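Reader: I have a structure to study and some questions about it. Can we go through them step by step?

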Amino acid sequence: MSVESALEKFHSLKLTDIMPKFEIMPVVTADADLMSVLKILRTRHHVWVVENKESMKLVGVIRYIDVIDVLLPPEAHKFKLGMTSRTMRSMLGGAAKAEDIAERHVLTIEEDATVLEALMKMRKYRIQVLAVVKDGKLVGEVSLRILIDELLRLLRVGGAQWKQ
């Protein structure tokens, strides 16, 4: 298989075919305490926040970088009109649960989307991970790391060689 053929096959793959098992995804409920979130973020770059485990309605995402706002005291945040929400994300500003610090504007993609569609969205918004949803419910995730692993697997299995 040529690299071109591997890439063509790669781009047409459905996300459902390459998503990791749901059980290994970093997911907490909206009412999870911050210590639970921080423990997950020691080894993961993000944590998905869902309403509850039954509905799996996506509430938001907490990224590793968001921890800075959680750890800073409220007075360290610059106050601007309409910009007080970061202050409330501070532990000292009153944040106590996952829903208090979650970014609610989560970029999602439908589960029947292709790898190419996911890549295009990642490039457009300059992000590395997308929540995969079905009817507003979190069903999986796709990250740049997952996509790279899948491409390398295809190249290895197909015996493709890079040509210079």
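Reader: How many salt bridges does a search of the whole structure find?
Author: A note before the count: this is a predicted model. Side chains of opposite charge can pair when their charged atoms come close. Here a side-chain nitrogen of Lys or Arg must lie within 4 Å of a carboxyl oxygen of Asp or Glu. A search of the whole structure gives a total of seven.

Reader: Which residue forms a salt bridge with R63, and is that residue buried or exposed?
Author: In this pair, the closest N and O atoms are 2.9 Å apart. R63 is partly exposed, with a relative accessible area of 39%. Its partner has a relative accessible area of 6%, and buried means under 20%, so the partner is buried. The buried partner is D66.

Reader: How far apart are the closest N and O atoms of E99 and K97?
Author: E99 is partly exposed, at 27% relative accessible area. K97 also counts as partly exposed, at 33%. The two form a salt bridge, and their closest N and O atoms are apart by 3.1 Å.

Reader: Where do D149 and R145 lie?
Author: These two form a salt bridge, with the closest N and O atoms 3.0 Å apart. They are four residues apart, about one turn of the helix. An α-helix has 3.6 residues a turn, so residues three or four places apart point the same way. Both D149 and R145 lie in helix 7 (residues 144-158).

Reader: Does R145 count as buried or exposed?
Author: Take its partner to begin with: D149 is partly exposed, with a relative accessible area of 40%. R145 has a relative accessibility of 52%. The cut-off for exposed is over 50%. So R145 counts as exposed.

Reader: Which residues of helix 6 are buried, and why are they on the same side?
Author: Helix 6 covers residues 115-125, and its buried residues are V115, A118 and M122. They lie on the same side of helix 6 because they cover an arc of only 65° around the axis. The arc to remember is 65°.

Reader: Which exposed residues does the face of helix 6 turned away from its buried side carry?
Author: Start with the buried side, which holds V115, A118 and M122. Now look at the face turned away from that side. There, the exposed residues are R123 and K124.

Reader: Which residue follows helix 6, and what is its phi?
Author: Helix 6 takes in residues 115-125. The residue that follows is R126. Its phi is positive, near 55°.

Reader: Where is M56 found, and is M56 buried or exposed?
Author: M56 is not a glycine, yet it has a positive phi of about 55°. It is found in the loop between strand 2 (46-50) and strand 3 (58-63). Its relative accessible area is 10%, and the limit for buried is under 20%. So M56 is buried.

Reader: What is the phi of D135, and where is D135 found?
Author: D135 is exposed, with a relative accessible area of 68%. Its phi is positive, about 55°, although D135 is not a glycine. D135 is found in the loop between strand 5 (129-134) and strand 6 (137-143).

Reader: Which residues gather in a patch of negative charge on the surface?
Author: One of them is D135, which is exposed at 68%. Another is E110, found in strand 4 (residues 108-110). E110 is partly exposed, with a relative accessible area of 41%. The patch gathers E110, D112, E117 and D135.

Terms used. Residues are numbered from 1 along each chain as its sequence is written. This is a predicted model: local features need pLDDT of at least 70, side-chain atom pairs count only at pLDDT 80 or more; totals for chains, interfaces and linings use all residues. Side-chain values use heavy atoms; hydrogens and water are left out. Patches are made of residues with over 30% relative accessible area and no salt bridge: like charges are joined within 9 Å, nonpolar side chains (Val, Leu, Ile, Met, Phe, Trp, Tyr) within 5 Å. Accessible areas come from the Shrake-Rupley method with a 1.4 Å probe; for residues, only the protein chains shown count as cover. Lys and Arg count as positive and Asp and Glu as negative; His and the chain ends are not counted. The place of a charge is taken as NZ of Lys, CZ of Arg, CG of Asp or CD of Glu. Helices (H or I, at least four residues) and strands (E, at least two) are DSSP runs, numbered from the N terminus. Buried means under 20% relative accessible area, exposed over 50%, partly exposed in between (1.4 Å probe, protein chains only). The arc is that of the directions from the helix axis to the C-beta atoms.
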